[in-house]
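This report describes a protein model for a reader who has not met it before. Please look over the sequence and the structure shown below before reading on.

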Amino acid sequence: MAETPYIFNIQKFSTHDGDGVRTTIFFKGCPLRCMWCHNPESQHYYKELIFHHHKCTACGRCVAKCKQGANSIVDGKIVFDRSKCTACGVCTDWCITEARELAGKEYTVDALVKEAMKDKIFYEQSGGGVTLSGGEVMASQHMDYVEEVCRKLHENGVSVFIDTSGYTDYENLKRILPYVDVFLYDIKVMDPEDHKKYIGVDNSLILENLKKLSDEGAGLYIRLPIIQQVNATDEHIESVIHFLKENNIHARQVNLLPYHDIGKGKYASLDMEYHDDEMSVPVSELMEHFKSMFEEQGFNKVNIGG
Ligand code: SF4
Ligand code: SF4
């Protein structure tokens, strides 16, 4: 796994990843496998080719240009053999329909900070800043890089938000604490067995880290993805509220994030499986109901959405 992370997207003028107008930087690589993940290109730590089949006209340029022989035409259609692809990116330069896209680009710390600083004026006008997201930005092998990015942005007077699952060594969170304004901290599923089932790992580390961050006075926005058939129940919401209150977690705000399946098409483009029959979108009345459950328990800043 790379120590310099790959970045798969830099989203300018984002308004869903924290306060004001922000630049959201998406890091590749994640130790979790949330069943509803809408950024499947974020999961692997390595670069990979996204092949948008529906845009392909079978012109054959990628067949001719790929030195690995990863593409062939069968019955008038392109067949892409991912096992042969080295993600060199050559075919992306030759595909005029943009059916080919490379997920993963390297930036030096200074280049990334410079890119983010281009919109500083918008951050200042809107109370925004930069959000580091993923994948999992707190993945241990990236921490020297992440700390350096956070420190430089902070020294340049830019607000830094970290979007994290919290699934990391606490030392990683602690070392960036001086430079981070807010952690956008996910609580996905409370039941440990269900957490393993839907996310692939146990949740005890995540909950322990949240307690420690709160005890140290970190800025915290708690984010709950709400997925029908997974966690859209009163019992789950009650369990989250109980945990937050019992542990005196100081959440500056709570964000309830309704599931959507916008990322569904990307799974096919990456030859990955998507379990859409096991998840559905919660109706807006249910989201309002969950919001009022938090409000009735004294949480005064509860939003539906990011
Ligand atoms: S170059 Fe693009 S459009 Fe042409 S065959 Fe390859 S993927 Fe399809
Ligand atoms: S990214 Fe490189 S190796 Fe992969 S299909 Fe394209 S040209 Fe071939």
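Which residue in β7 is the bridge partner of Thr-23? The partner is Val-130. The model in which this pairing occurs is a predicted one, and the pairing serves here as an entry to the strands around β2.

**The strands around β2**

Strand β2 covers residues 22–27, and six of its six residues are buried. The strand has two faces. Arg-22, Thr-24 and Phe-26 point one way, while Thr-23, Ile-25 and Phe-27 point the other way. In a regular strand the side chains alternate between the two faces of the sheet. The residues on both sides of β2 are all buried.

Two strands pair with β2. Strand β1, residues 7–14, runs antiparallel to β2 and is joined to it by five bridges. Within this pairing, Ile-7 has Phe-27 of β2 as its bridge partner. Strand β7, residues 129–133, pairs with β2 in the parallel sense, also over five bridges.

Strand β7 is mostly covered as well, since five of its five residues are buried. From β7 the pairing continues to strand β8, residues 159–164, which runs parallel to β7 and is joined to it by four bridges. Val-130 of β7, already met as the partner of Thr-23, stands opposite Val-160 in β8.

**A hairpin elsewhere in the chain**

Another pairing involves strand β4, residues 71–74, and strand β5, residues 77–80, which run antiparallel and are joined by four bridges. Asn-71 stands opposite Phe-80 in β5. The two strands form a hairpin with two residues between them. In the turn, Asp-75 has a positive phi of about 55°.

The pairings described so far are collected here.

| Strands | Direction | Bridges |
|---|---|---|
| β1 and β2 | antiparallel | five bridges |
| β2 and β7 | parallel | five bridges |
| β7 and β8 | parallel | four bridges |
| β4 and β5 | antiparallel | four bridges |

**The surroundings of the two ligands**

Ligand 1 is surrounded by 13 residues, of which Cys-56, Cys-59, Cys-62, Cys-95 and Arg-100 come nearest. By class, this shell has eight nonpolar, three polar and two charged residues.

Around ligand 2 there are likewise 13 residues, and the closest are Cys-66, Cys-85, Cys-88, Gly-89 and Cys-91. The shell of ligand 2 divides into eight nonpolar, four polar and one charged.

**Three single residues**

Is Ser-214 buried or exposed? Ser-214 has a relative accessibility of 11%, and because the limit for a buried residue is under 20%, Ser-214 counts as buried. Its place is in helix α8, which spans residues 204–215. Setting aside residues up to four places away in sequence, Ser-214 touches Leu-220, Asn-248, Ile-249 and His-250.

Glu-216 lies in the loop between α8 and β10, the latter being residues 220–226. This residue is partly exposed, with a relative accessible area of 37%. Apart from neighbours within four places in sequence, Glu-216 is in contact with Tyr-170, Lys-174 and Leu-177. The C-alpha atoms of Glu-216 and Asp-163 are separated by 18 Å, and these residues are 53 residues apart along the chain.

Gln-297 is found in the loop between α11, residues 284–296, and β12, residues 302–304. With a relative accessible area of 38%, Gln-297 is partly exposed. Beyond residues up to four places away in sequence, Gln-297 touches Ile-241 and Lys-245. Lys-245 is 52 residues apart from Gln-297 along the chain, and their C-alpha atoms are separated by 9.0 Å.

**The chain as a whole**

The protein chain contains 11 helices and 12 strands. Of its 306 residues, 51% count as buried. Among contacts in the chain with a separation of 6 or more, 72% come from residues 24 or more positions apart.

What radius of gyration does the protein chain have? The value is 20 Å, which agrees with the figure near 19 Å for a compact globule with 306 residues. Along the principal axes, the C-alpha atoms fill a box of roughly 65 × 45 × 35 Å. The accessible surface comes to about 14,400 Å², and 48% of this surface belongs to carbon and sulfur atoms.

Key. Residues are numbered from 1 along each chain as its sequence is written. Chains are lettered from A and ligands numbered from 1 in the order in which they are written. This is a predicted model: local features need pLDDT of at least 70, side-chain atom pairs count only at pLDDT 80 or more; totals for chains, interfaces and linings use all residues. Side-chain values use heavy atoms; hydrogens and water are left out. Two strands pair if DSSP finds at least two bridges between them. Buried means under 20% relative accessible area, exposed over 50%, partly exposed in between (1.4 Å probe, protein chains only). Contact means heavy atoms within 4.5 Å. A residue is near a molecule or strand if one of its heavy atoms lies within 4 Å of it. Ala, Val, Leu, Ile, Met, Phe, Trp, Tyr, Cys and Pro count as nonpolar, Asp, Glu, Lys and Arg as charged, and the others, Gly among them, as polar. The radius of gyration is taken over C-alpha atoms; the globule rule is 2.2 Å times the number of residues to the power 0.38. Accessible areas come from the Shrake-Rupley method with a 1.4 Å probe; for residues, only the protein chains shown count as cover.
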